[in-house]
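Visitor: Please take one part of this model and look at it closely. I would like the strand pairing in chain A, and then whatever else helps to place it.

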Amino acid sequence: MKTLAMLLALAAASPAAAQTLAVTHAEAWTMETGDPVKDATILIENGKIVSVTPGGGVPQGATVIDARGKPVTPGLMNAATQVGLVEVNSASATRDVGSADDRNPGFDPARALNGNSTLVDLIRADGITRALVYPAQSRHPVFAGEPVIARYRDGVDILESREAAVFAVIGGGAWDRLGSRAQQWTVLRKALTDAKIAVAARDAGEKDKKDRLGPPSGRGRRAGEDLIRGVLAGEMPLAIQTNRESDILQATQLAADFSIRVVIVEGAEAWRVADRLAAAKIPVVLDPSVNLPGSFDELGARQDNAAILTRAGVPVAFGLAGGKIHQTYNAGMALREGAGLAVANGLPYIEALRAVTVNPQTIWGKAGGGTLAAGADADLVVWDGDPLEPSTSAVSVIIEGRQASTRSRQDVLAERYRDAR
Amino acid sequence: MAKNMALGSGLAAITLLAAPVPGTAQQAAAPARADPFPSNYRTPRPDDMLLRNATILDGAGGRIEGGDVLVRGGKIVATGKALANPGVREVDAKGRWITPGVIDVHTHNGTFVVPLTDIDRESSDVAETSSPNGADTWIETAVNPQDMGFDRGLMNGVTTMQILPGSTPIFAGRSVVVKPVRGATVWDMKVTGGAQGFKMACGENPKSWGGDKDNDGPNSRQGVIAYMRQAFLDAQAYGRDRAAGKAGRDLKKEALLGIMAGDIRVNLHCYRANDIASVLAVAKEFGFKIGAIHHATEAYKIPGLLRASGTCAAVWADWWGFKMEAQDAVRAGAPMLERAGVCVMMHSDSAADGQRLNITAAKAAAAGRRIGIETPPEVMIKWTTSNPAKLLGLESRVGTLKPGYQADLVLWSGNPFSIYTKADLVLIDGAVAWDRSKPPGAPVSDFELGRKGAQ
């Protein structure tokens, strides 16, 4: 149907990439205020937003996308998925989600990212332009590795940045080799303590021998526990995937004891300690749709988790949305559906939009990202309706100021069999 | 031969219930109809009411704007505009929508019970997997009614669920249909009067089981199909021996005879077009009809085949990709099948997704729109109400808002295909099963009682 139009639009847009792109008649959710700018003209140049102006004019020669009064939002960000690291879950040769190397505590999934994945085409078609791509559990408890930021532009290279965090997993039965979660916390604390001692020793004058400790934090490519020095230096957060109230409090205590930034991932029972998290300025990346406890750690799972946390002042972003198959295979659709569910369960609409735009970018290291402010990255989506309704589709997805493909393998198959009788 | 047995089995059933001894050819098929686990479901005390001025989707393709529904004595009495009130409670439904209660034909509630623990990993109740043939099992003997999945479903407008055994065995056994009401046993929830359901599976799941060196079963697609045919042939031979007084009871073979006699309806777990076609051929060979292909991610490639065999497709909107046989799923499957004249319905296979089957329908319809197939709400609602009722053999009782039907219905806060909409009021058999406006709020399973849970 719209395929031909899309291709033509793409053909038109590509050579004009360095030129001006104008989205007209947009209901522009700039995320700078709580309300959209009506009938906005959004001007884009060199991959950046130039302006958002009500009824604004279009410069000569600009490529125009008419939004027809429909919503335009910043490109959405999934705050925790594995799109780009896996093709077919049951085909291990296509799964690059985790390290099986028990000699090395670190795992940097950046070199495995695959922009040619059919999952990338689908997540982009669903209006998601960025994600935190997190590693699966390693063989080196309690660490999984270092998540990366993917930007789902066309083409094979979807890596935006590395080392967005150090990712740890703690919970009931999470690590066979450690047993009790008490031991899991001990291992995490020991890693932080060892790193702290090492850094202190270096700073205490062993400057000649500092090579022995590897490059100083912030430079070079380090891995695993070594990267924890970056956490201690405040360069990146420690992401802890955990659910139970007692573990979330442990994480809060850990953050205070080591003066580090912590992000709770999953956090099914985070709502129970919303005030404590707010006071400690610990954000939560959560699945807004979960209301059934997959494990005893999640007994408190409820769909107003995000509403309660947000009301208390905890920054919330959505990820892992839909659980099971959806958190990867429908990481775009499930993210929007989950955000809609959060609204249905008391989260103000604009906060739900923030939880899939501004908040994930801020939490994972790009403060100021996820808006349509002048100078912001020109990643935006023109929708055919409310983006939080699962029945809404992305009409145009613009990434780095270019119109990107919104055609997935599913579209191609459906078109082939469209007239099967 | 199968046809003859079907004709005779009705008369023989009573005799056989009383005296399960070898008998005539007609009698041999009858045990399949007998129910060793009778329902103890009690019709609730009715809450008569007149719901006023709603958008009504009747489940069968009809739509009334500003319409009323009169519910009395557990039944739908009338739908229409400006109905006279015979003196019952009135509910102002202006701006809200009314549909039949949602029917999910594929859950594992009560057997895949969260929170999952070690015992579920070692020996799950989802299916009996000691053999590829579990035709003798009845899933209801495993169902834990304290699964909070039932409550979550009810609160989201689900009024009927079919609990199926899992897809590891080729013949996985009998299903049970329940209402998501609180009871100490599954029989307090059990729905009778429909078709006795049964689960079969093809493709990757059963062949993977056979592929495990510790297991004795077929390990290829062709092996699975051959196993099915041989099992039906053996059941036929058994039926003859039984008729001749040369064989005693055999629960597995009785079930397969019941399938061939049309007394037991098959729900087939199958993904690929080729797999679906293979099993449809087996069904044809042995003279029975398959009720629905579940998952059916490639059904959209072969609508004619499903139409010709009178078989429905029970699909997701958007599960895809996680294994090889699920590669070609498309979100537009349901609208493509609908347009081709195939009976299609949404199903969940998940206590989480089962809470939002109408949203699943909305996703599918939206994907249809992307390729130029429009599906209006009054048709979409068939996918979660009257079509699943048909599969369960309950199409003259539930799934449609028509006079005389059981009053299983939902008053939604808005358009049921919107993510923001909630089930305000859920009636089962004309009684309030869930009222969002009234404390104490959500129904609580015994499991949740006294724990620091979500409530």
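Guide: Start with strand S9 (residues 148–151) of chain A and S10(A): two bridges join them, and the two strands run antiparallel. Within this pair, Ala150(A) sits opposite Leu159(A) of S10(A). Keep in mind that this is a predicted model.

The pair belongs to an open sheet of four strands in chain A, ordered S6-S7-S9-S10, and the pairing is mixed. Its edges are strand S6 (76–81) and strand S10 (159–161) of chain A, each of which pairs on one side only. On average, neighbouring strands of this sheet are turned by 30° against each other, direction ignored.

Chain A has another open sheet. Six strands make it up, in the order S8-S11-S12-S13-S14-S15, again with mixed pairing. Strand S8 (143–145) and strand S15 (316–318) of chain A are the edge strands, each pairing on one side only. Here the average turn between neighbouring strands is 25°, direction ignored. At the S8 edge, two bridges link S8(A) to strand S11 (residues 166–169) of chain A, and the two run antiparallel. Gly145(A) is placed opposite Phe167(A) in S11(A).

What kind of peptide bond joins Pro141(A) and Val142(A)? The bond is cis, with omega about 0°. Val142(A) lies in the loop between strand S7 (128–133) and S8 of chain A. That loop connects a strand of the four-stranded sheet to an edge strand of the six-stranded one.

Two residues of chain A deserve a backbone check. His25(A) has phi near 50°, a positive value in a residue other than glycine. Its place is in strand S1 (residues 20–28) of chain A. His25(A) counts as partly exposed because 18 C-beta neighbours lie inside 10 Å. Glu400(A) is not a glycine either, yet its phi is positive, about 55°. Glu400(A) is in the loop between strand S17 (394–399) and strand S18 (402–404) of chain A. Glu400(A) is partly exposed, with 18 other C-beta atoms within 10 Å.

A record covers part of this chain. UniProt, in an unreviewed entry, places the feature "domain: Amidohydrolase" at residues 271–403 of chain A. In the model, the end C-alpha atoms of that span lie 39 Å apart. The span is 32% helix and 14% strand.

Now the partner chain. Contacts link 43 residues of chain B with 42 residues of chain A. On the chain B side, helix H4 (148–155), helix H9 (303–309) and helix H11 (357–370) each supply at least two residues. H11(B) gives the largest share, six residues. By type, the chain B side divides into 25 nonpolar, seven polar and eleven charged residues.

Chain B has its own strand pairing to set beside the pairs above. Strand S6 (residues 102–107) of chain B is mostly covered, with six of its six residues buried. S6(B) pairs with strand S7 (residues 158–163) of chain B in the parallel sense, over four bridges. Asp104(B) has Met161(B) as its bridge partner in S7(B). There is a cis peptide bond in chain B too: Val114(B) and Pro115(B) are joined by one, with omega about -5°. Pro115(B) sits in the loop between S6 and helix H3 (118–122) of chain B.

Finish with helix packing in chain B. Two packed helices are described by the angle and the distance between their axes. For helix H5 (residues 204–211) and helix H6 (residues 221–243) of chain B, the axes come within 9 Å and cross at roughly 100°. That makes H5(B) roughly perpendicular to H6(B). Pro206(B), Lys207(B) and Gly210(B) of H5(B) meet Arg221(B), Gly223(B) and Val224(B) of H6(B). The residues of this contact divide into two nonpolar, two polar and two charged.

H6(B) also packs with helix H7 (residues 251–261) of chain B: their axes come within 9 Å and cross at roughly 95°. H6(B) and H7(B) are therefore roughly perpendicular to each other. On H6(B), the contact uses Ala231(B), Phe232(B), Asp234(B), Ala235(B), Tyr238(B) and Gly239(B). On H7(B), Lys253(B), Leu256(B), Leu257(B) and Met260(B) take part. This contact divides into seven nonpolar residues, one polar and two charged.

Definitions and conventions
Residues numbered from 1 in each chain as written. Chains lettered and ligands numbered in written order. Predicted model: local features only at pLDDT ≥ 70, side-chain atom pairs only at ≥ 80, totals over all residues. Axes fitted to C-alpha atoms, helices over the stretch in contact; angles between N-to-C directions. Parallel < 35°, antiparallel > 145°, perpendicular 65-115°, else oblique. Contact = placed C-beta atoms within 7 Å. Nonpolar A, V, L, I, M, F, W, Y, C, P; charged D, E, K, R; others polar. UniProt positions renumbered as here; feature names shortened; annotations may be inferred. Buried ≥ 20, exposed ≤ 12 C-beta atoms within 10 Å, placed from the backbone. Pairing = 2+ DSSP bridges.
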